[in-house]
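Reader: I'm new to this and keep meeting labels I don't understand. Could you walk me through how they are earned?

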Amino acid sequence: MRFGVKPERPSFPSRAKLRLNESTYKVPSDTEESSGEEFEEAVVESSDSEDSFFYASESEIPTKGRRIHGPPKSTSEQRELTEAMASIKLHSTHSDPLTEWVKQNQKEAFEIAQARIRRSQTAMTNLYLTAAKITQTSMEVTLKEQELRIASEVQARQRAREEEEKREQSRWEARNKAIWDQVDKVAATVEARLEAERKAVEFEKQKQEAEKRKIEEERRKREDAERERREKAEAEKRRIAEEKEQEKERAKEEERRRQEAEERERKEVEERKRREKEELSKVDTERRQAGITTPSEDWDRALEITTNVKHGHLKRVKEDSIQRRQWSAIRRGVTLRIGQLTDDNAEITRISNQIFDTIRALDPSSDLYPAALSALAKAIILQAETEVTAKLDTAGPLAAVVINLFNLPGFEEVLWAKMVTRGGGWIIGNYVMKRQGQNDKEFRKLAGYREDETQVDRQTRIGGIVSLYFAICTSPRAVSMLPTPFWPTKIWSFLTRILGEPRLSKQSLAPYVMYSCLEVAAPTGLTMFGKQWLKLLIAIGQLALEEGRIGAADDAGKTARVRLQLKAETLLKDAGVVLR
């Protein structure tokens, strides 16, 4: 162990002697005189320059009960040594009053500072709570004012909205009433037309039954007459010897009566046929006056118009070099303008006027005029086969141009005939049959097939024509009555004819063209036919659910049937009807 001290202080031996002499804990000694030499024997000063002491080895450290080697010490030496050790021990545990006082003051100052800090924190907390309470009160007042202001504004807007709803309700009721009045009027017309068709069918059925009864009656009469003749011949043979002359007279009389009966019967048949023909002619006249035609009549009429233009006017134009050049220039210009068409009213009007001026300048009595109409119709149909198939929105602008060009005399018939023949009769719901003397190539072309065309390509091409046709029939741009071939009622005729002709409905193309029709004309159909239209959609959806009722069994037919089913379900759902 080593203790360092400042140099200016007395050395440890001196101080130890002084304290030993002044110590109150000093054990009385035999003599008051003490020599420093005796004390110095137990302490070995350090050889260092500093005033310090240390034990040279651990063996020199005095321990309790440890025997110190060397000559034995006297009793006084041992007492002095014990007093020195006690003094050192007291010195090491001595408490300085000044130091204690300083420490006590520091402790009290620290406690006072802590108390001040606590009071300051308490005051700050109270101040903060007071300010927060004032702020909260102000915010609550502001919030209440805002709530009152917002409530008044909401009530004002609510009143305005209720007034607006009342006005809209009034306008809607007026519009709805007008629509339903129109629907009732159209429904009455359609019901009258359907009733006429039903009467015509019943009349035809009665006619067939009458003819069947007539044939059966004639056969029975012939059998009876034959039997009578055989009986008479047998009787004649038995009585030939004795009544030959009488039998001849009787045979003559019988022949005369038979001829008279046949003559009466022939007159009755002719009279009946004449009456039936007059009644049938009257029904046909009423049907045609109502604008109702059969699919075969529409097909024959379209073929007649197309043949007249293609093999008549157009053929003569191509044979004349001057007219052929004029026709080619018109065809190129029309095709270019149709290809530039966009969904812009100004652009539609401009292109319509340009085409109208180009064709209207021709002489309607010349062959060049119908040939130009045919070129225009073909350009429009080609545009529908390519653009409308890819993007249904293009059907609207193209239909608007067509409606504007209906002012050209004869254009509606040429366009309709071209659509019918190029689409294989699908837009009129006619099943094209092979005619006598017609080869397979001519029949396939007439039925709407093209060389090197797949089933999917044929579907999309004819679907584009159907979409354009019904876009024209239902276009909102029509400001006057459309021509008869483009009446909106053709929607109903188209769907019912396909559903009523199994040879059409079982083809893969049937559900595809029906889907194209519904995609374009469904809103108009609902407006015109009302509940009857919903019934038709239900029938279409139910037939599409049953495999084999609509469409073929190939992949194209199944895909088109599923699309038709989903379309019918969507339209019925929008009208609030669930297909089951």
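Author: Sure, starting with ring pairs: rings of Phe, Tyr and Trp (its six-membered ring) pair if their centres lie within 6.5 Å. In this predicted model, such pairs link Phe406, Phe411, Tyr469, Phe470, Phe486 and Phe494 into a cluster. The structure holds seven aromatic pairs.

Reader: What makes the pair of Tyr469 and Phe470 edge-to-face?

Author: Two numbers. The centres are 5.0 Å apart and the planes meet at 75°; the label needs centres within 6.5 Å and an angle over 60 degrees, so edge-to-face fits.

Reader: Then why is the pair of Phe529 and Trp533 called stacked?

Author: Here the centres are 6.3 Å apart, which is within the 6.5 Å limit, and the planes sit at 20°, under the 30 degrees cut-off, so the pair is stacked.

Reader: How do you know which of these four residues are buried or exposed?

Author: Buried means under 20% relative accessible area. Tyr469 has 1%, Phe470 has 0%, Phe529 has 6% and Trp533 has 1%, so each of them counts as buried.

Reader: What makes you say that the length of helix α13 agrees with what is expected?

Author: Helix α13 covers residues 455–473, which is 19 residues. The expected span is 1.5 Å times one less than that number, so it should be 27 Å, and the end C-alpha atoms are indeed 27 Å apart.

Reader: And why is α13 described as mostly covered?

Author: Of its 19 residues, 15 are buried, meaning under 20% relative accessible area.

Definitions and conventions:
Residues are numbered from 1 along each chain as its sequence is written. This is a predicted model: local features need pLDDT of at least 70, side-chain atom pairs count only at pLDDT 80 or more; totals for chains, interfaces and linings use all residues. Side-chain values use heavy atoms; hydrogens and water are left out. Helices (H or I, at least four residues) and strands (E, at least two) are DSSP runs, numbered from the N terminus. Buried means under 20% relative accessible area, exposed over 50%, partly exposed in between (1.4 Å probe, protein chains only).
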